[in-house]
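Me: I would like to learn how to read the features of a model like this one. Could we go through them in turn?

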Amino acid sequence: MFQKSAFQKHIDEKVEDNRRLVEADPHRLDYHLMPPAGLLNDPNGLIYHQGVYHVFFQWNPFETAHGKKAWGHYVSADLINWTLEPAALIPDAWYDKNGCYSGSAVMHDGRMHLFYTGNVKDEGDRRSTYQCLAVSEDGVDFEKKGPVLHLPDGYTPHFRDPKVWKEGDRWLMILGAQNMHGKGEAVLASSNDLTDWEFIGPIAGSGMNGLPDFGYMWECPDLFTLDSKDILIVCPQGLEAEGDDYPNLFQAGYFVGDFDSVTNTYMHGDFVELDRGFDFYAPQTFTDDDGRRILIGWMGMTDDQEQDQPTIRNNWIHALTIPRTLEMRDGVLVQQPVAELRQLRGKRKHYSQLALEKDVVFREVAAPSSEILLEFNRPVDGRFEMEIRNDLKISYMDGRFTVQRKTFDGASSEQRTFALDTLSGLQIFLDRSSVEIFINGGEAVATSRYFPAENDDAVEIRGHMHFDLSLWELEGSAIDMF
Ligand code: FRU
């Protein structure tokens, strides 16, 4: 107990020390979850219980680099206003001393159970991995129970990120793994009491179920039912870029399939990328009392450019995406911003039946935090081009949708592009240094960080088309972290 409070005190001091720096940072976001100091990555342990949404997250409070992760913890009654709680898990036990890595939360017998991966490295930098349990009566203070599942034969120590749920009268856990042949897999374990876990085996993976070679490791799996299909989200590492596909260092995507919980088998279709932007990884989902399936992702990526982000000067890096509801539409997983976000809408500018001709530019001012809704009166068949804050360009032409941004060093630009049959609407969430673009009601999404100059607030639209446009200034949400 003493050790834990000393660690928490150290975090509190670090956070307080950083307060002035982050409060003056123009890239600080208005309504996204960020760390008060240090590095944030994956959302963890997403759960709704007794009127409270819990969002835990991978957190290195002391540096803007990956390292020994703790679990940070935000709570909210409405998905809009958030309060930072004490760190829920800190890397202080022999089985997690180099990081309390990603995992999930379930309620059982009135207590919150967190499952996570204890990451351990020895002097020779050799890795061991333990799947661990921690339990809480009040959802704030967690008592570690230690490892509950050891590494099974046939796997390397790249074995992590337990996601637990109840299936009939047993508990199932899905994990990301690398087998001895260096292939990524999603594997299952089961338990009757959440304490004794039995390893079952892989249900999907590189080279399985008709998949070709598909990465050397799969991270952060999540398996759930949506509209009578079983969706498996995974984050494969090691896919080569192929045409427009897999342009980022690591990918986050899903399979649509059928999971048979008697034979523990999963038949599935092709892998589909969840997001077409630059910064989206390690998403996790959960359900709330309204039966909504809500997804939150990490709005970041562990790549070379990560360390060029300007916020590093102010000792913080990365954020989570806005919460998004999931539904199936014509076999496709559709993401939409949760309805609660409408509460952020402030001053609105609205134009109906705008008609643009070739070479005419429509110009407006968009506050650094804005929601922009464009509804095309008929699908765009020429060129559509939108420039935001002199940094981002979104365009659609000849059946291709493209997002372009300046590189973080400002020296050049880079783009992500993909095929899209028609463009009927765009809903864009701008925050001071992030953009989330929901295309055609969420059929495709592109999420990216970008770092515009402070005084650039212009939005320009060019093309040949008819559309309705609404632009809302978004109020910041209250995120109490100090
Ligand atoms: C994904 C990931 C997880 C791991 C965590 C460590 O971004 O690599 O597999 O548990 O981050 O922070």
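Me: How many bridges join strand β25 to β34, and in which sense do the two run?

Reply: Strands of a sheet pair through backbone hydrogen bonds, either parallel or antiparallel. In this predicted model, β25 (residues 370-376) and β34 run antiparallel and are joined by seven bridges. To find the register, look at L373, which stands opposite S470 in β34.

Me: Which other strand is joined to β34 by bridges?

Reply: Strand β23 (residues 345-356) is joined to β34 (residues 465-474) by eight bridges, again with the strands running antiparallel. Here the residue facing L471 of β34 is K349.

Me: What does UniProt place at residues 340-461?

Reply: An unreviewed UniProt entry gives the feature "domain: Glycosyl hydrolase family 32 C-terminal" for residues 340-461. In the model, that span is 59% strand and 0% helix. Its end C-alpha atoms lie 28 Å apart.

Me: Now a whole sheet. In what order do the strands of the open sheet with β9 come?

Reply: The order is β9-β10-β11-β12, four strands with antiparallel pairing. β9 and β12 (198-205) are the edge strands, since each pairs on one side only. On average, neighbouring strands of this sheet are turned by 25 degrees against each other, direction ignored. Within the sheet, strand β10 (residues 170-179) and strand β11 (residues 184-191) pair over eight bridges in the antiparallel sense. One position to check is L175, whose bridge partner in β11 is V187.

Me: And which strands form the open sheet that includes β18?

Reply: Four strands form that sheet, in the order β18-β19-β21-β22, with antiparallel pairing. Its edges are β18 and β22 (332-337), each pairing on one side only. Neighbouring strands are turned by 40 degrees against each other on average, direction ignored. β18 and strand β19 (residues 293-298) pair antiparallel over five bridges. Follow F286 across to β19, and the residue opposite is I294.

Me: Turning to the ligand, which residues around the ligand come nearest?

Reply: The shell around the ligand has 13 residues, of which Q58, Y101, S102, E219 and A282 come nearest. The elements that give two or more residues to this shell are β1 (38-49), β5 (100-108), β9 (155-167), β13 (217-226) and β18 (281-287). β9 and β18 are thus among the strands of the shell, and each is also an edge strand, β9 in the sheet with β12 and β18 in the sheet with β22.

Me: How do the residues of the shell divide into nonpolar, polar and charged?

Reply: Five are charged, four are polar and four are nonpolar.

Me: Take Y101 as a single case. Is Y101 buried or exposed?

Reply: Y101 counts as buried because it has 27 C-beta neighbours inside 10 Å, and the cut-off for buried is 20 or more. The residue sits in strand β5. Its C-alpha atom is separated by 6.9 Å from that of Q58, although the two residues are 43 apart along the chain.

Me: What confidence does the predictor give the chain and the complex?

Reply: Where pLDDT is low, the predicted coordinates should not be read in detail. For the protein chain, the mean pLDDT is 96, and 99% of residues reach 70 or more. For the complex, the predictor gives an ipTM of 0.99 and a pTM of 0.97.

How values were computed:
Residues numbered from 1 in each chain as written. Predicted model: local features only at pLDDT ≥ 70, side-chain atom pairs only at ≥ 80, totals over all residues. Near = placed C-beta within 6 Å. Nonpolar A, V, L, I, M, F, W, Y, C, P; charged D, E, K, R; others polar. UniProt positions renumbered as here; feature names shortened; annotations may be inferred. pLDDT = per-residue confidence, 0-100. Pairing = 2+ DSSP bridges. Axes fitted to C-alpha atoms, helices over the stretch in contact; angles between N-to-C directions. Buried ≥ 20, exposed ≤ 12 C-beta atoms within 10 Å, placed from the backbone.
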